[in-house]
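User: Could you walk me through reading a model like this one? I'd like to start with the backbone and then move on to the empty spaces.

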Amino acid sequence: MCGIVGYIGDKNITSVLLVGLERLSYRGYDSSGIAVISDGELSWWKRAGKIHELENTVKGLNIAGHIGIGHTRWATHGQPNEVNAHPHISGTPKVAIVHNGIIENYLDIRDLLISEGHVFQSETDSEVIVKLVEKYLAESTSLEHALELAINHLHGTYGLAALSETEPEKIVVCRKGSPIIIGLGDNENYVASDINAVIQHTKKIVYLDDNQIAIVERNNVRYKNVNGAFVEKTPQIIKWDSEAAEKQGYPHYMLKEIFEQPTVVRTILEKYVPSGNQIVFKDLRISPQIFKQLNRFIIQACGTSWHAGIIGKYLLESYARVFTEVDFSSEFRYRQMLTEGSEVVIAVSQSGETADTLACIREAKLHHFPILSFVNVKNSSMDRESDGVIYSHAGQEIGVASTKNYLAQLVCFLLFTLYIGRERGTITQEESDTLIIALQKVPEYISSILDKADQIKTIAEKYGFCREFLFIGRGLNYPTALEGALKLKEISYIHSTGYAAGELKHGPIALIDSKLPVVCICPSSKTYDKMVSNIQEVKARKGKTIVIATEGDTVIKNFADDVIYIPQMPEELTPIVSIVPLQLLAYYVALSLDCDVDQPRNLAKSVTVE
Ligand code: G6P
């Protein structure tokens, strides 16, 4: 959570910091701040609200200086106001600290420091770090040493950047459980919590590992293990294109990302089915023998990725015949991790940094589970810490509400299922070929839904005033109902819930009246007739039905107030396509309510606190 950026060099310092923060703002956007050293003196500016509040504050100030750090916050401890915003600043000499993560023992440290005469201004956990540095700076020779002594006290997670008037030519960064990268330039260097903040300046990146410190100067960067020896680190050249971080004519990133989905599917097919009908996962790195003898997959994920995981379960159980559990990472982590020695843990994550999912990987490794991750962001912590990886190849996703990566994860799960099914002999080559051929048509199917954006907008405007929505589906499209409901609530703040349609009569049906829109995902499938019965149950109680159905289904019109048709396709593909109208529905409802689609309140794209 939260974003960190820092710079030392000759570029305009405020511009580098503010643009960097803007690009990190998907990690949190409730307040922000920067600190800059100019002529040996540290100055800082902080504001509550989105980054433009800070921009307005510093615009026209002509801030000089060639070294600074900045932070965009997602509040954990203390309200999102100016005092709690980062950087946190010490007394004299002045030190500025920006922090991502949570310091779990901050109250104990705070009490201790108060008893020693330190005065606190904020309600944050982070302020104890700057006070500890202040304390140790009085007794030690360098910022780096003071920071090392300070972090020895901390329990919890941190990605930190520090700046001090005592050494105005360096930024010191360190990490434990929260990412920090160093971007290497020519006569300049950058630090950040992720590459988005610096990718427009440099593609030469060093990933700091946990319990490492970097001392970053204009022409030199030194790395060391905390309280230990200096270490060599090799930079990686990142292939990401900074253009992906632009809206390219779309009014919102979310809409752009929805419209990119046909291309995403094509890319995945090119990567994993490069020729003919053979599925190749280059980075799987888990021996086929393990998959052949496997008794169980344990999928763990959060949010939208968890929904993709449930579809993964349906597919893996049906076609690869492997018992598959799906759990929220935040629950799995604290359950007894029972193993019989023939399970694989699958982590699903867009960012590869979600704290709960990452913590599960680490815990599962201690229990000797092989770990396979489905991730989008290359070089993320999960990518680096897993035994094998299946990249979702969705490209950079910036809209806080995940869209194209969800769809990409579904395609990856389907290909993975076919691969495992073939390895285990549970499906024939012919069955696999049929689905691959059908998958190749999916980009076209998605495009046909995108062409209906205006129709979906009209439906969204018709129901946008409703304060509650239900979403129902069955089988493979039960998770579609969950995901459709999540999209709507995330960006429009309308209460919406997804249900397995069969569960309707066990409670939620009590909610139905003439004011309640019920979104019914009802493509041709094994459970079509049952779905139609459920839709009729809604209609019988005067509920309003918005139905996703298959082209040619004329019967459904009798029970639907509005129908959005998707093309005919094998049932296995329907969750990939039927989520698209629901993404557009959520988008246009949010738009009609004037909500901030790309940065909904209280959310962050990458949740790096537990
Ligand atoms: C946050 C985001 C969601 C996302 C979830 C899991 O809550 O707002 O869109 O689904 O984190 O993120 P991950 O990066 O692990 O998929």
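User: Let's take P87: in which loop does it lie?

Analyst: P87 lies in the loop between β4 (67–73) and β5 (88–89). Strands here are DSSP runs of E with at least two residues, helices are runs of H or I with at least four, and both are numbered from the N terminus. Bear in mind that this is a predicted model: local features need pLDDT of at least 70, side-chain atom pairs count only at pLDDT 80 or more, and totals for chains, interfaces and linings use all residues. Residues are numbered from 1 along each chain as its sequence is written, and side-chain values use heavy atoms, with hydrogens and water left out.

User: Which backbone values should I look for?

Analyst: Most peptide bonds are trans, and most residues other than glycine have a negative phi. Here, the bond from H86 to P87 is cis, with omega near 5 degrees. The bond from T92 to P93 is cis too, with omega near -10 degrees, and P93 is in the loop between β5 and β6 (95–100). For phi, check D39: it isn't a glycine, yet its phi is positive, about 50 degrees. D39 belongs to the loop between β2 (31–38) and β3 (41–48).

User: Now the empty spaces. How many cavities of 30 Å³ or more does a search of the whole structure find?

Analyst: The idea is that rolling a probe the size of a water molecule over the atoms shows where empty space is left. On a 1 Å grid over the protein atoms alone, a cavity is a set of points where a 1.4 Å probe fits but cannot get out; a pocket is an open set with protein on both sides within 12 Å along at least five of seven lines, and lining residues have an atom within 4 Å of a point. Points are joined across faces, edges and corners, and a volume is the space filled by probe spheres set on them. The search finds three cavities of that size. The largest cavity has a volume of about 250 Å³, and 25 residues line it, with Y26, D194, S351, E353 and V377 nearest its centre.

User: Where does the ligand sit?

Analyst: In the second largest pocket; to sit there, more than half of a molecule's atoms must lie within 2 Å of the grid points. That pocket holds about 570 Å³ of space. Its lining has 31 residues, and C302, G303, T304, K605 and V607 lie nearest the centre.

User: Which residues come nearest the ligand?

Analyst: Near means that a heavy atom of the residue lies within 4 Å. Of the 14 residues around the ligand, S305, S349, Q350, S351 and T354 come nearest. Helix α9 (residues 303–320) gives the most to this shell, with three residues.

User: And which polar contacts are there?

Analyst: For a ligand, look for a pair of N or O atoms within 3.5 Å. One oxygen atom of the ligand is 2.5 Å from an N or O atom in the T354 side chain. A backbone N or O atom of T304 lies 3.0 Å from a ligand oxygen, and a polar backbone atom of V400 is 3.3 Å from a ligand oxygen. The protein covers 91% of the 380 Å² of accessible area that the ligand has on its own, by the Shrake-Rupley method with a 1.4 Å probe.

Note on methods
Polar contact = N/O pair within 3.5 Å; in protein donor to acceptor, adjacent residues only side chain to side chain.
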